[in-house]
Structures are given as C-alpha cells and as structure tokens.
Amino acid sequence: EEEVRVGGRGRAQASSLPLPPSLQTAGRTVFLASSSKDDRYTAKGAVVTHTGSSSPAAAVARLADLPPAAAAADVLAVDEAQFFDDLVEAATAAADGRGQTVVVAGLDGDFLRRPFGGLPALAPHAESVTRLTARCSWCGGDAHFSVRTAAGGGAVAVGGADAYAAACRAHYNEAMAGAQT
C-alpha cells in the first residue's frame with residue numbers, strides 16, 4: 001500500500017509525519033526516513049516539523065542507502081520525499097516487493113509551479129494521494145502554492161518560513177507579478 005501526501009511550503013507535509021495512530025498500532029514497526037539535503041534543523045537524525053515536534057529518522061541522500069532496518073519495518077515513512085531521485089523505485093519496491101505500507105510526504109511543485117521531484121511520478125502507483133493545504137501568509141485563506149521570499153538559490157533551495165511563504169492563487173499571482181517587475 002502506498003500513500004502520497006503532497007503540498008507546497010507550509011502545508012504541514014512534515015506535520016503529517018509522524019504517522020497517524022492507525023499506522024502505529026497493533027505492533028506495527030515504523031521506519032522514518034528523511035533527506036540529508038534538508039539541514040535546516042539542528043536535530044540531526046530527526047524529522048522536525050515546522051511546529052517544533054520531532055521524531056527519530058534516518059537522514060540519507062538516496063533511499064537505496066537506508067539501513068536494513070528500513071526493509072524490515074511494516075511501515076516505511078519518507079519525509080521531504082521530493083529530494084530523493086530514487087523515490088519511485090524505492091517506494092514501489094517496498095510496497096510491491098516487500099509488502100510494506102509506504103507513506104511519503106513532500107512537495108509536488110516548486111515555487112514556479114513546475115513538477116518537483118518524484119512525487120508527481122509516484123502518484124499513479126499509490127492507493128491514495130492527499131493534497132495538504134496551508135493558510136495563505138497574506139490573507140489566511142487556503143494556500144495551494146509556494147512563493148519564494150528570499151533572493152537567489154536556483155531552482156532547488158532548501159528553506160522554511162525564512163525563504164518561502166504559503167499563498168492562495170490571488171496572492172501567488174500578485175507576488176510573482178511583483179517579482180518580475
């Protein structure tokens with residue numbers, strides 16, 4: 001079984017991990033992985049939500065580098081999934097080949113609204129896809145997009161609230177129009 005949780009910055013994709021109690025009950029073992037590219041928080045070896053809560057996690061560059069304990073777990077949970085270039089292969093191998101429940105969370109689009117990472121390609125393999133929303137940084141409405149508020153960084157720049165803001169469609173378009181003038 002594969003579950004994909006996608007959304008833009010501030011959408012609490014990291015807050016969707018750790019997993020809901022339904023996936024942590026009945027003696028099911030959970031292995032939590034995160035990208036070593038995300039070095040924003042001082043708690044290495046942990047997934048840290050934007051609200052400050054944390055859970056132990058293995059930080060790796062590729063999912064193929066996970067320790068054997070990941071393959072032995074009942075549930076493989078992957079945070080910041082957009083940073084793994086082997087996401088589709090690893091997630092389908094875990095679900096199809098080993099029978100694991102796989103839950104991934106991350107961004108499906110960049111700040112220019114282009115597909116980002118492997119999440120868009122993983123969606124057709126998943127039993128469920130949940131689109132997470134945040135609150136628009138300007139009006140408080142539903143935010144489906146990310147606006148880069150920090151200068152530079154290229155197409156991929158790791159950052160949190162210091163570099164990105166969640167935006168509704170109107171405020172995304174306003175911010176992007178202002179960035180082009």
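The following dialogue examines the fold, the cysteines, the aromatic pairs and the backbone of a predicted model.

Student: What conventions apply to the residue numbers and to the values quoted?
Tutor: Residues are numbered from 1 along each chain as its sequence is written, and side-chain values use heavy atoms, with hydrogens and water left out. Because this is a predicted model, local features need pLDDT of at least 70 and side-chain atom pairs count only at pLDDT 80 or more, whereas totals for chains, interfaces and linings use all residues.

Student: How many helices and strands are there in the protein?
Tutor: Helices (H or I, at least four residues) and strands (E, at least two) are DSSP runs, numbered from the N terminus. On that basis the protein has 5 helices and 12 strands.

Student: What percentage of the residues is buried?
Tutor: A residue is buried under 20% relative accessible area, exposed over 50% and partly exposed in between, with a 1.4 Å probe and protein chains only. The protein exposes about 8,600 Å² (Shrake-Rupley method, 1.4 Å probe; for residues, only the protein chains shown count as cover). Carbon and sulfur atoms supply 54% of that area. Of the 181 residues, the buried ones make up 48%.

Student: In what order do the strands of the open sheet lie?
Tutor: Two strands pair if DSSP finds at least two bridges between them. The edge strands, each pairing on one side only, are β5 (58-60) and β8 (128-131). The twist from one strand to the next averages 20° (axes are lines fitted to C-alpha atoms, for helices over the stretch in contact, and angles run from 0 to 180 degrees between N-to-C directions). The 6 strands pair in the parallel sense, in the order β5-β2-β6-β7-β1-β8.

Student: Which residue is the bridge partner of V75 in β7?
Tutor: The pairing of β6 with β7 is parallel and runs over 4 bridges. Within β7, the partner of V75 is T101.

Student: What angle does the direction of α3 make with that of β7?
Tutor: The buried residues of helix α3 (residues 87-97) are L87, V88, A90, A91, T92, A94 and A95. These residues pack against β1 (2-6), β6 (75-78), β7 (101-106) and α4 (119-122), a contact being heavy atoms within 4.5 Å. On the sheet, α3 touches β1, β6 and β7, and its direction makes with that of β7 an angle of about 155°.

Student: How many disulfides does the structure hold, and why is C136 not bonded to C139?
Tutor: A disulfide is a pair of cysteine sulfur atoms within 2.5 Å. The closest cysteine sulfur to that of C136 is in C139, at 3.8 Å, which is too far for a bond. C168 is likewise in no disulfide, the nearest cysteine sulfur being that of C136, 3.8 Å away. The number of disulfides is 0.

Student: Which residues does H171 touch, not counting those up to four places away in sequence?
Tutor: H171 is found in helix α5 (residues 169-179) and is buried, with a relative accessible area of 19%. Its C-alpha atom is separated by 8.2 Å from that of C139, 32 residues apart along the chain. With neighbours up to four places away not counted, H171 touches C136, W138 and C139.

Student: Which aromatic pair is edge-to-face?
Tutor: Rings of Phe, Tyr and Trp (its six-membered ring) pair if their centres lie within 6.5 Å; planes under 30 degrees apart count as stacked, over 60 as edge-to-face and the rest as tilted. The structure holds 2 aromatic pairs. The centres 6.2 Å apart and the planes at 90° make one pair edge-to-face: F83 and F116.

Student: How many residues apart in sequence are the parts tied together by F145 and Y172?
Tutor: F145 and Y172 form a tilted pair, 5.5 Å centre to centre with 45° between the planes. Both residues, F145 and Y172, are buried. F145 lies in strand β11 (residues 145-148) and Y172 in helix α5, so the parts tied together are apart in sequence by 27 residues.

Student: Is E80, with its positive phi, buried or exposed?
Tutor: Most residues other than glycine have a negative phi. E80 has a phi near 55° and is placed in the loop between β6 and α3. Its relative accessible area is 3%, so E80 is buried.
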